[in-house]
Every structure is written in structure tokens, then in C-alpha cells.
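Biologist: I would like to learn how to read a structure like this one, feature by feature. Where should we begin?

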Amino acid sequence: MSFSVMLAQLVQGMLTSFEIFALTLIFSLPLGLLVAFGRMSRFWLLRNIMRIYISIMRGTPLMLQLLVVYFGPYYIFGISISAGYRFVAVIIAFSINYAAYFAEIYRAGIESIPVGQYEAAAVLGYSRSQTFFKIIFPQMVKHILPPVTNEVITLVKDTSLAFSIAVMEMFTIAKTIASSQKSMLAYVAAGLFYYVFNFIVATVMEAIEKKMSYYR
Amino acid sequence: MEVLRIEHLKKSFGPLAVLQDISLSVSQGEVVAIIGPSGSGKSTLLRCATMLETMDDGNLFYLDKQAVASENGQAVYASPAVLKECRAQFGLVFQNFNLFPHYSVLKNIIDAPISVQKRKKEEATAQAMDLLARMGLQDKANAYPYQLSGGQQQRVSIARALCLNPAILFFDEPTSALDPELTGEILKVIRDLAAEEMTMVIVTHEIDFARHVADRVVFIADGQIVEQGDAKALIDNPQNERTKAFLRRLQREEE
């Protein structure tokens, strides 16, 4: 296999990795906010359901969760798994797992806003949703950018876990090439890809942080 | 005309009765100073009046609207719509300003008029600029709160409260978080507002200021109104022993 063929295959895998990455963020970032609301709810039952959900998501390996989401429908409900479900399973497992982490980051961010901000908003007549979306949320985003960057970078690397159900993302392909060619080269190239990907992510997040530094 | 009327207000935090049967009314154009030792309940009184704290029992009126009614020894709050109308009648200036750090000075002032009162942006901006000019801060409209001194931030927060055109303005120790050399600028703003007959209730430790600016002084201790009356008369010649002791102690501290 020539170097260029290998590279082309890896780039193909990279695109799949990026798809997993992007879709996971699109679903887990808003889902995390809902989970955070539930976790901070006045209702005991909802609060504790979310607490248990977060505890399970954080307390078990993502790879195990992925296998459960992928094989669960067959082993638990006897539903036959279609070929297309492989990718869907990855997105579901990643999204619900990352939502749990994001929820805790959001919660910390929301709770870090001084109570005086809520009181000022209440006295000025803002409604509850206005208070959240105009006053609390923008300040929360600024507070949570560093821990969110951490999670996003971890996600780039976690996309490689999709190899466990043989989704053709970059790591799966690198592994296949490496074993058929008996060479480390594909791993080196994949490592470089991940590094560059994360370098871009870190640069973008830094730019966003800078953009938000117009106030303290 | 009475802008604010509080009747038989009671408030406890757990077993601690912070306010025991407080009644207070404030007429249009009147400036009332509330003084008293720390822990006496004066801030809680303000927080109950501004509905940041729920009262246990009592009546609360703003103009002709009743926000809270006492029923069988319990405070019953009016419907959200009525409470919203009541909230529109008052403004509150906090001890530590509570400006919105992510909004510019101008946006801090005009955002509530626009998004709560649904006023036109141009009109709200014009009023805000006018208020900033009166506060001597017209050149700070585009600054952010962190770029301002404490005194400037407090003036912005007063402008923010005034831009909603409240019928009554509450101040919760407006100079307590400021360096001593900055208190003067805030007291001057309040004095100017008093000259324009703005209705105000001011919780303060500045006795000399209360004596000069307030029409009436209310002395609170242990959750009760111990003494109240004409500002100069009460401060120069208090009748109650506790008031005397409190004022004496303050004078000693100042010397």
C-alpha cells in the first residue's frame, strides 16, 4: 500500500471522526443544559433522577455505554440491528455521556453567578426566562469556557472509542492498516491528525475566550 | 398620597423573629431614613418591601395596589400580574451595586426599560443619557462596570433604577461598600433627588446625612420600630433610651 493510499483512507476516517465529534457537540451541549436544569430542579424526584443519571454516566466507561447502546436493543428487546444503527449508536452514546459532564459544568457555572444578579434582575422586573437568558447564561458561558474546552478536547480523542463497534472512524482504520501492513506508520499519522485537530480546537476555544474578555 | 404602606409586617428566619409587627407608610415626595444597629432588621425590612424576601404576615400596598394581604395570620401574595404592577412602582439601589458586568453602562440602564417596559430604544436611550449627564457620567456610557470606580458604579445603578421611572426608590446602605472618600458623590446624588421630591426610603449608617436629607427618621432595633419622627428633632433630641445609646455610640465612633 502506498503512502498516499493510506493517507486517503485515514482522511476518510478523519471525516467520520469529525462527524462524530460535531454531532455529539450539537446534541450534548443543549441536552446538558436540560440535565443541569433537572439537576437543580425544585422537584425532588427529577433532581434525583438526574443525579443518578449523571452518576452512572460518569461512573462507567464510555466504551461500555457504547456497547450497551449498540447491542442493547437486540439483547434486551430482541430488535434486530440494522447496519446504519452502528453510527447512530455512537452518536447516542456519546451525546448522553457528554451531556452528563456538560450538565455538571453548567451547574457549576450557574451556581457561580452571585445571587445579587438574580435580585437586581427581579427588582428591575425581568421575568424568570429573561433573567436566565439575558443575565445569567451569558455570564455562565464565560465562566465555563475553560472546563468546556477540556471536555471538547477529550471528545476529539474519545471518538476513537467508536472502534469498539467497528465504526470506520480514523482510529479503526489506522488499526486495520497497521495490522495488515505490519507497520507503525498509520498510528503515527493518526496521532498527528488527532494532535492537529485538537490544536485547532484549542485555538478556536482560545479565540472565543478572548472575545468574551471584554468584561470582567 | 401614600406611595408605600406596610402594616403589621412580621418576618422570621427559623426561630429568629427578625421583624416583629412593623408598620410604615411613606407619602409622595417624602424621604425616610431607616437607622439602627446592624442585625436590627432594617435591611430585611427593605427586602420584604421589595419582595426579595417573602414576609410571614402583614399587608403591603403600593399606591392603590395591594401586593400582600394578611389572611388568618399569614401573608398571602397577590397574583403574578398584580405583583408585576407593584414591582413597576419601586426601584432598589443595592449596597454592592449589582450591575450586570457583561453589559455596558448604557445597556445596564436601558435594557429593562426596553425588554420589561417595552419602550422604544431611542426614547430609553435619550432618558438614560440624560440621567448619566446628571450623574456626571455621560462619557462612561460605553464603558463596562469593571472599568468604573465603586462610586461611579453606584451612580450607574441609581440611574438604572431611575430609568424605569419608579414612584419610590429604596436604598440599601448605598455607601457601605464604598471607600470613605467616595461616599460623598453618592450622598450628593441622593440629596439632588430629594430636592426634586423623589420619594425615597434609605437604610443608612450616615446619621449626619439622614439628619440633613431625610424628612423622617425611623429607628429600628430588634425588629421593632423604637422611635420615629422628624429627622432633625429625632437625631438632635432622641426620646427613647435605646435611640440615645445608639446615636451616642455612633458619635463616639466618628470622633
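Modeller: Begin with strand pairing. Strands of a sheet pair through backbone hydrogen bonds, either parallel or antiparallel. In this predicted model, strand β1 (residues 2–13) of chain B and strand β4 (residues 57–62) of chain B run antiparallel and are joined by five bridges. Within that pair, I6(B) stands opposite L60(B).

Biologist: How many bridges join β4(B) to strand β5 (residues 65–71) of chain B?

Modeller: Three bridges, with the two strands antiparallel. F61(B) is opposite Q66(B) here. The hairpin of β4(B) and β5(B) has two residues between the strands, and L63(B) takes a positive phi near 50 degrees in it.

Biologist: Which way do β5(B) and β6(B) run, parallel or antiparallel?

Modeller: Antiparallel, joined by four bridges. S70(B) of that pair stands opposite A75(B).

Biologist: What is the order of strands in the open sheet of five?

Modeller: The order is β2-β1-β4-β5-β6 in chain B, with antiparallel pairing. β2 (16–27) and β6 (74–77) of chain B are the edge strands; each has a single partner strand, so one side of each is left without a neighbour in the sheet. From one strand to the next the twist averages 20 degrees.

Biologist: Which helix lies across β4, β5 and β6 of chain B?

Modeller: Helix α2 (residues 80–87) of chain B does, running at about 125 degrees to β5(B).

Biologist: What is the pairing in the open sheet of six strands?

Modeller: That sheet has mixed pairing, and its order is β7-β8-β9-β3-β10-β11 in chain B. The edges are β7 (90–93) and β11 (224–230) of chain B, each with a single partner strand, so one side of each is left without a neighbour in the sheet. Neighbouring strands are turned by 15 degrees against each other on average, direction ignored. For one parallel pair, take strand β8 (residues 168–172) and strand β9 (residues 200–203) of chain B, which share four bridges. There L169(B) has M200(B) of β9(B) as its bridge partner.

Biologist: Which strands does helix α1 (residues 42–49) of chain B lie across?

Modeller: Helix α1(B) lies across β3 (31–35), β8, β9 and β10 (216–221) of chain B, at about 145 degrees to β8(B).

Biologist: Now burial. Why does T199(B) count as buried?

Modeller: The test is a neighbour count: a residue is buried if 20 or more other C-beta atoms lie within 10 Å of its own. T199(B) has 24 C-beta neighbours inside 10 Å, so the residue counts as buried. T199(B) belongs to the loop between α6 and β9 of chain B. Leaving aside neighbours within four places in sequence, its contacts include V3(B), V26(B), A167(B) and L169(B). T199(B) and F90(B) are 109 residues apart in sequence, yet 9.7 Å apart in space, C-alpha to C-alpha.

Biologist: How many residues of helix α5(B) are buried?

Modeller: Eleven of its 13 residues, so the helix is mostly covered. Among them are V156(B), I158(B) and L162(B), as well as R155(B) and R160(B). The buried residues of α5(B) pack against β7, α3 (105–115), α4 (121–134), β8 and α6 (180–195) of chain B. As for geometry, helix α5 (residues 150–162) of chain B reaches 18 Å from its first C-alpha to its last, close to the 18 Å expected at 1.5 Å a residue.

Biologist: What covers the buried residues of α3(B)?

Modeller: The cover includes α5 of chain A together with α4 and α5 of chain B. I109(B), I110(B) and D111(B) are among the buried residues of α3(B).

Biologist: That brings in chain A. How many residues does each chain give to the contact?

Modeller: Chain A gives 16 residues and chain B gives 19. On the side of chain A, the elements that give two or more residues are α5 (115–124) and α6 (128–158). α5(A) gives the most, with seven residues. The residues on this side divide into nine nonpolar, five polar and two charged.

Biologist: And chain B overall?

Modeller: Its secondary structure comes to nine helices and eleven strands. The radius of gyration of chain B is 18 Å, close to the 18 Å from the globule rule for 255 residues, so chain B is as compact as a globular protein of that length. Buried residues make up 44% of the 255 residues. Among contacts in chain B between residues at least 6 apart in sequence, 61% join residues at least 24 apart.

Note on methods. Residues are numbered from 1 along each chain as its sequence is written. Chains are lettered from A and ligands numbered from 1 in the order in which they are written. This is a predicted model: local features need pLDDT of at least 70, side-chain atom pairs count only at pLDDT 80 or more; totals for chains, interfaces and linings use all residues. The radius of gyration is taken over C-alpha atoms; the globule rule is 2.2 Å times the number of residues to the power 0.38. A residue is buried if 20 or more other C-beta atoms lie within 10 Å of its own, exposed if 12 or fewer, and partly exposed in between; C-beta atoms are placed from the backbone. Two residues are in contact if their C-beta atoms, placed from the backbone, lie within 7 Å. Ala, Val, Leu, Ile, Met, Phe, Trp, Tyr, Cys and Pro count as nonpolar, Asp, Glu, Lys and Arg as charged, and the others, Gly among them, as polar. Two strands pair if DSSP finds at least two bridges between them. Axes are lines fitted to C-alpha atoms, for helices over the stretch in contact, and angles run from 0 to 180 degrees between N-to-C directions. The expected span of a helix is 1.5 Å times one less than its number of residues.
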